[in-house]
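Q: Could you take a close look at the packed interior of this model, and follow it outward to the pocket and to the loops with unusual backbone geometry? I would like one connected account rather than a list.
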Amino acid sequence: MFTLHIANKNYSSWSLRPWVLMRTLNIPFEEQIHPLDAGGSWNSYRHFSPNGRVPCLQDGDQTVWDSLAIVEYIAETYPQVWPADKAARAWARSASAEMHSGFQTLRNTCGMSCGHRIQLHAISAGLERDIQRINELWNQGLQTFRGPFLAGAYFTAVDAFFAPVAFRFQTYGLPLTGPAQDYLTRLLNVPAMQDWYASGLKETWREPEHEQEILAAGKLLADLRNK
């Protein structure tokens, strides 16, 4: 059985991707949570992860790190990770790769937090471009492949790659238009997303740098986590 090493569910956007994919596709795995250390987790994570980061997947003697590499490794055994249709698969891989390497302003401005609700001080030009591009991508996928998920009828890796974005849009109240708005609600209501969210709210771990980053972005409207 796979072992997936992840960090705090409230903060860890990268961990969410393979976790929600495997849970939704009923791919068995054992979860190992390693709370983030104040000041960095390199030293404590290095004993299981070569790059000192999460997520990291162990499959017997094989270790795979980085969310994109993990997803591709899983797909070698479980082809349903990607759409069966060639055109949908090509689009899904392109959109996932764009998410994996891009949208830096969104990442830097809107830190991942399941439990916070934040009203941004302002939406910069760079953040607006990221929001518009995500809106464009989601509407393109839904309209081209007829939904209800981004690349067709079934949840696949491309939905998993945008799962952390869904939590960010919820946390910071970011705007969407057209089918993308309904997709956001649909993605947040996927059972595995609901499970991750509920677990994130129950966590009592707090990492100061993440907390400061989130609160610096805007006005705190609510903190829904266990105190």
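A: Helices here are DSSP runs of H or I with at least four residues, strands are runs of E with at least two, and both are numbered from the N terminus. The model is a predicted one, and with that naming in hand a loop can be placed by its flanking elements: N26, for instance, is found in the loop between α1 and β2 (29–33). N26 is exposed, with a relative accessible area of 66%, and its phi is positive, near 60°, although it is a residue other than glycine.

From there one can turn inward. The largest nonpolar core comprises 69 residues, and those with the most contacts inside it are V20, V81, W138, F162, F167 and M193. Among the elements, helix α6 (residues 125–145) gives the most to this core, contributing seven residues. Apart from it stands a second, separate core of five residues, including A7, Y45, F48 and C56. Within the largest core, M193 shows what such packing involves: leaving out residues up to four places away in sequence, M193 touches L16, V20, A163, A166, F167, L187 and L188.

Three of those partners, A163, A166 and F167, are among the buried residues of α8. In helix α8 (residues 163–172), nine of the ten residues are buried, so the helix is largely enclosed by the rest of the structure. The residue that follows α8 is G173, whose phi is positive, near 60°. M112, in the loop between α5 and β5 (116–120), is likewise buried, with a relative accessible area of 3%. Its contacts, setting aside neighbours within four places in sequence, include L16, P164, F167, R168, W196 and I214. M112 and A166 are 54 residues apart in sequence, yet their C-alpha atoms are 9.9 Å apart in space.

Helix α3 (residues 67–75) offers another view of burial, with S67, I70, V71, I74 and A75 buried. Seen down the axis of α3, these buried residues fall within an arc of 135°, so they line one face of the helix. That set packs against β1 (2–6), α1, β3 (56–59), β4 (62–65), α4 (86–101) and α7 (157–161). Just before the helix, D66 lies in the loop between β4 and α3; D66 is partly exposed, at 29% relative accessible area, and has a positive phi near 80°.

The largest pocket, with a volume of about 760 Å³, is lined by 27 residues, of which W14, L36, R53, V54 and H210 lie nearest its centre. Two or more lining residues come from each of α1 (13–24), α5 (104–109) and α11 (208–216), and α11 gives the most, with three. By character, the lining divides into eight nonpolar, eleven polar and eight charged residues. V54 is also of interest for its backbone, as the peptide bond from V54 to P55 is cis, with omega near 5°, and P55 lies in the loop between α2 (42–45) and β3. Another cis peptide bond runs from G147 to P148, with omega near 10°, and P148 is placed in the loop between α6 and α7.

Terms used: Residues numbered from 1 in each chain as written. Predicted model: local features only at pLDDT ≥ 70, side-chain atom pairs only at ≥ 80, totals over all residues. Heavy atoms only, no water. Core = buried A, V, L, I, M, F, W, Y, C linked by side-chain atoms within 4.5 Å. Buried < 20%, exposed > 50% of the residue type's maximum accessible area, 1.4 Å probe, protein only. Contact = heavy atoms within 4.5 Å. 1 Å grid on protein atoms, 1.4 Å probe; cavity = no way out; pocket = protein on both sides within 12 Å on 5 of 7 lines; lining within 4 Å. Points joined across faces, edges and corners; volume = space filled by probe spheres on them. Nonpolar A, V, L, I, M, F, W, Y, C, P; charged D, E, K, R; others polar. Arc of directions from axis to C-beta.
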